[in-house]
Each structure stands twice: as C-alpha cells, then as structure tokens.
Amino acid sequence: MRQPLVVANWKMNKSASEARVYCQRFRELLGGETATEVAICPPFTALESVKQSVAETAIKLGAQNFFPKRDGAYTGEVSIGMLRDLGCSYVIVGHSERRSHFGETAETISEKVKVALDNGVTPILCVGETMSEKSLGLTQKVIGQQLLTCLKHVASQDLHKVVIAYEPLWAIGSGRAATVADAAMVADFSRQKLQRLLDGKAEDIRVLYGGSVNAENISSFVTSSSLDGALVGGASLDPDKFADIVKAYEDRS
C-alpha cells in the first residue's frame, strides 16, 4: 500500500523568521508522528530555518527548484548537491509556473529529474493540461507525452522513485479544483502509461493531486484510492489549514 504524501509548496512566500513561526504552530497542530508523509518546500532562503524547525520530527524538507549542473558560473542558481547537503528529501520539478514564467522546456525538466534521482533526492514531477486541451479531450494525450518526455533519461528500475503530481494548469490558483473522478483518471492513466517501462511495478508510483486543493475540498480527494496525497499551494501558507489537510489523510488511514 502506498503511503500518502502531502507537500506544502510555499512558492515565493515567507521569510526565514516567518517560517520558524509557521513550523512551530504546525508542529503543535500535528501533535507528533503521522502515518502520512509530510514535506514542506519553502523558498531557498527559508530552507535552513525550516530544517532546524522540524528537526527531530518526521516532517521532510523539500525545495521548489534547482539548476541541473553540479557547480560552475551560474549566477543565482542552486545545485541539487547544495539541496541534498541541506537535508532536502524532495524537490519539485516541472511546475507549470516554472514552465510559463521561466521558459523551462521538457528537455530541461527531464534532465532535472535524472539529476535529482542520481543525487538521492526524490523529484516531484508536475504534469497537467490547459483548459483548451481539456476541452478538446486531449488530457490523456498531453499527460502521456509529458510523462514520456520528462522521464526519458530515467532508467526503468528508478522510475518508481519518482512522485507524479497532477496539476491541471486551469486549476492552479484559480479556486477551481478538478473533480475527484478526473484526478483519479489521470492517476490511473499515468500508472498505465508507465506500466510497460516498470516491469509490472507501476502500482508503486505515488500520484498526488494539486491545483486549488484546500481544507474544504480535500475530503473528496481523500476518498480516492488512486490518489496518494496532495501538492498544496496557497492553502499550505496557513499552518492551520495545512494541518487540516494532513489530518484528512490521517482519518483515511
């Protein structure tokens, strides 16, 4: 059985001092160990603060991005080795905001996935379609192509280590979430698409849902056995709301 994973993506929010206050409150609300795996992905400047604040807990540290070179003259960038040294267990790769705002291509994303795996950091690969693609019935075609392209440099025996996050572009930040049926369909389709590459181990792949997920609608997503957790954006900025989302998965287990 796949362990649920709930990830907070703070995006460009919270200073180091704000992160400490958040984590203290979140730890109080969580009240100890959980059956659900939890990861917090703050901005780079707050990574050390979160690391110290969740020390001696099971809460994992994650990053929102990295540059896929070991070192060099890349002003303003951070390598996966630096993140690993800080204690990051996860890194978000291919988020639609990285694609749209910073021009990340499928080739760049595929390189990042491989580099993360090679360095022992679990990539959370984001995939999703636009509203026009959804309206034209192209969801499976788009998701399938994204998976195959972004995972093309990964050895078949390592594919099960990747976490997939279905984040429909039309839902992110819109307040409009996908239906549970649509999200579950994408999760099942993703595993089927990768089945032949995994020699029958595609069932091990965790698929999260993201895109306007919050404390009010999480209860519906929790009911689906196809979905293994959530990648939470805006709602994760409030420790009370994020704790409620985690607790929803605790209640399921």
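Cys41 is buried, because its relative accessibility is 0%. Keep in mind that this is a predicted model. The closest cysteine sulfur to that of Cys41 is in Cys88, 7.7 Å away, and that is too far for a bond. A disulfide here would need the two sulfur atoms within 2.5 Å. Cys88 is buried as well, with a relative accessibility of 6%. Seen from Cys88, the closest cysteine sulfur is the one in Cys41, again at 7.7 Å and too far for a bond. Across the whole structure, the search finds zero disulfides.

Cys88 takes us to strand S4, which covers residues 88-93. How much of S4 is buried? Five of its six residues are, so the strand is largely enclosed by the rest of the structure. S4 has a partner in strand S3, residues 60-63; the two run parallel and are joined by three bridges. One pairing to look for is Gly62, whose bridge partner in S4 is Tyr90. To get from S3 to S4, the chain passes through helix H3, residues 80-86, and this β-α-β crossover is right-handed.

S4 also pairs with strand S5, residues 122-127, in the parallel sense, over four bridges. Here Val91 has Pro123 in S5 as its bridge partner.

Next, strand S8, residues 229-232. In a regular strand, side chains alternate between the two faces of the sheet. In S8, Gly229 and Leu231 point one way, while Ala230 and Val232 point the other way. Are these residues buried or exposed? All of them are buried.

S8 has parallel pairings too. Strand S1 is joined to S8 by four bridges, and the two run parallel. Within that pairing, Val6 stands opposite Ala230. Strand S7, residues 207-210, runs parallel to S8 and is joined to it by two bridges. There, Gly210 stands opposite Leu231.

Now the loops. Two residues are worth finding on the screen. Lys11 is not a glycine, yet it has a positive phi of about 55°. You will find Lys11 in the loop between strand S1, residues 5-9, and helix H1, residues 16-30. Lys11 counts as partly exposed, because its relative accessibility is 23%.

The other one is Glu56, with a positive phi of about 65°, although it is not a glycine either. Glu56 sits in the loop between helix H2, residues 47-53, and S3. Its relative accessible area is 83%, so Glu56 is exposed.

That leaves the empty space. Rolling a probe the size of a water molecule over the atoms shows where such space is left. The largest pocket holds about 430 Å³. Which residues are closest to its centre? Of the 15 that line it, they are Lys11, Met12, Gln64, Arg98 and Phe102. Helix H4, residues 96-102, gives the largest share of this lining, with four residues. By class, the lining of the largest pocket has six nonpolar, six polar and three charged residues.

The second largest pocket has a volume of about 220 Å³. Its lining has 19 residues, and nearest its centre are Lys11, Gly173, Ser212, Gly233 and Gly234. So much for Lys11 in the loop: it is listed for the centre of the largest pocket and for that of the second largest. The lining of the second largest pocket divides into seven nonpolar, 10 polar and two charged residues.

Last, the closed space. How many cavities of 30 Å³ or more are there? The count is one. The largest cavity contains about 40 Å³ of space. Its lining is made up of Gly94, Ser96, Arg99, Cys126, Val127, Gly128, Gln146, Glu167, Leu169 and Ile172. H4 and S5 each supply at least two of the lining residues. H4 is also the helix with the largest share of the lining of the largest pocket, and S5 is the strand that pairs with S4. By class, the cavity lining has four nonpolar, four polar and two charged residues.

Note on methods
Residues numbered from 1 in each chain as written. Predicted model: local features only at pLDDT ≥ 70, side-chain atom pairs only at ≥ 80, totals over all residues. Heavy atoms only, no water. Buried < 20%, exposed > 50% of the residue type's maximum accessible area, 1.4 Å probe, protein only. Pairing = 2+ DSSP bridges. Right-handed = clockwise from strand over helix to strand, strands pointing away. 1 Å grid on protein atoms, 1.4 Å probe; cavity = no way out; pocket = protein on both sides within 12 Å on 5 of 7 lines; lining within 4 Å. Points joined across faces, edges and corners; volume = space filled by probe spheres on them. Nonpolar A, V, L, I, M, F, W, Y, C, P; charged D, E, K, R; others polar.
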